[in-house]
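Here are my notes for your review. Please read them with the structure open.

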Amino acid sequence: MNDIKTDIPNLVLESPDPERDAPYALSWFASRFGKETLLLMGNAESEIKPHSLESEKETLQRFIELEHENEQLTWVIRDQDKTIGAVWIELVDTPEVKSPAVHIMIGDKDYRGKGIGKTVVGEMIRYVKDDLNLHDIYSRHIASNESAKALLNSFGFSNDGVTYTDSNNLSWQNVHLYID
Ligand SMILES: CC(C)(COP(=O)(O)OP(=O)(O)OC[C@H]1O[C@@H](n2cnc3c(N)ncnc32)[C@H](O)[C@@H]1OP(=O)(O)O)[C@@H](O)C(=O)NCCC(=O)NCCS
């Protein structure tokens, strides 16, 4: 999987590097916004455990393994020398969402609302079409996550089924885009 340069100067998508990226990931989740980010991503309160450098390295290492198993492609989002988030494409259907499914998290809250999500998801849509040669792309978001909803809607994603509630009582919306 190659690095992806974006139209935003110095913003690149790169393969995860656990040693390099784990301290950044820990800083997002240890910040006062960390819990809010995890809830927006669809973690239930009861699932949120203390994060550590070791647990972040393990998560990043797992992303690398999933790529070797052809189950998921993951890029970290980097601004110059700083890791600010991650974006991933699930390559296999799960009970929750059809594949390929894109998911994004800008972990560093200072970087949100600046058009980065839009640029990165745009690159993922291009990747699915040009590199995976597929025309359908899926995602899902917590139904009340207005920024995720606005981001996906801005590309023309539309609801794939109705809002549903999971076993944690979280309300989700699945979405789909046909790429011409
Ligand atoms: C959701 C997320 C990826 C969006 O990325 P972003 O860089 O903040 O968003 P952008 O600045 O690119 O904005 C994209 C669109 O969403 C809209 N938007 C951004 N933040 C918004 C907010 N808080 N409320 C409503 N709309 C919002 C923008 O106006 C823009 O729409 P437009 O193109 O029609 O003007 C980012 O906020 C994030 O990582 N949040 C925490 C984790 C999360 O929710 N991930 C999504 C899980 S599905």
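Which residues come nearest to the ligand? The points below start there and then turn to the strands. Keep in mind that this is a predicted model.

1. **Ligand shell.** R112, G117, K118, S147 and A150 come nearest, out of 22 residues around the ligand. Four elements give two or more residues to this shell: α2 (34–40), β5 (101–106), α4 (116–130) and α5 (146–153). The most comes from α5, which gives five residues.

2. **Shell composition.** Nonpolar and polar residues number nine each around the ligand. Charged residues add four.

3. **β6 with β9.** Strand β6 (residues 136–142) runs antiparallel to strand β9 (residues 171–178). Seven bridges join the two. To check the register, look at R140: its bridge partner in β9 is N174.

4. **β7 with β9.** Strand β7 (residues 158–159) also pairs with β9. The sense is antiparallel, over two bridges. Here N159 has V175 of β9 as its bridge partner.

5. **β8 with β9.** Strand β8 (residues 164–165) is joined to β9 by two bridges, and the strands run antiparallel. T165 stands opposite S171 in β9.

6. **The hairpin turn.** β8 and β9 form a hairpin with five residues between the strands. Which residue there takes a positive phi? N169 does, with a value near 70°. Please look at the backbone at this position.

7. **β9 in summary.** β9 has antiparallel pairings with β6, with β7 and with β8. A figure of these strands could mark R140 with N174, N159 with V175 and T165 with S171.

Methods
Residues are numbered from 1 along each chain as its sequence is written. This is a predicted model: local features need pLDDT of at least 70, side-chain atom pairs count only at pLDDT 80 or more; totals for chains, interfaces and linings use all residues. Two strands pair if DSSP finds at least two bridges between them. A residue is near a molecule or strand if its C-beta atom, placed from the backbone, lies within 6 Å of it. Ala, Val, Leu, Ile, Met, Phe, Trp, Tyr, Cys and Pro count as nonpolar, Asp, Glu, Lys and Arg as charged, and the others, Gly among them, as polar.
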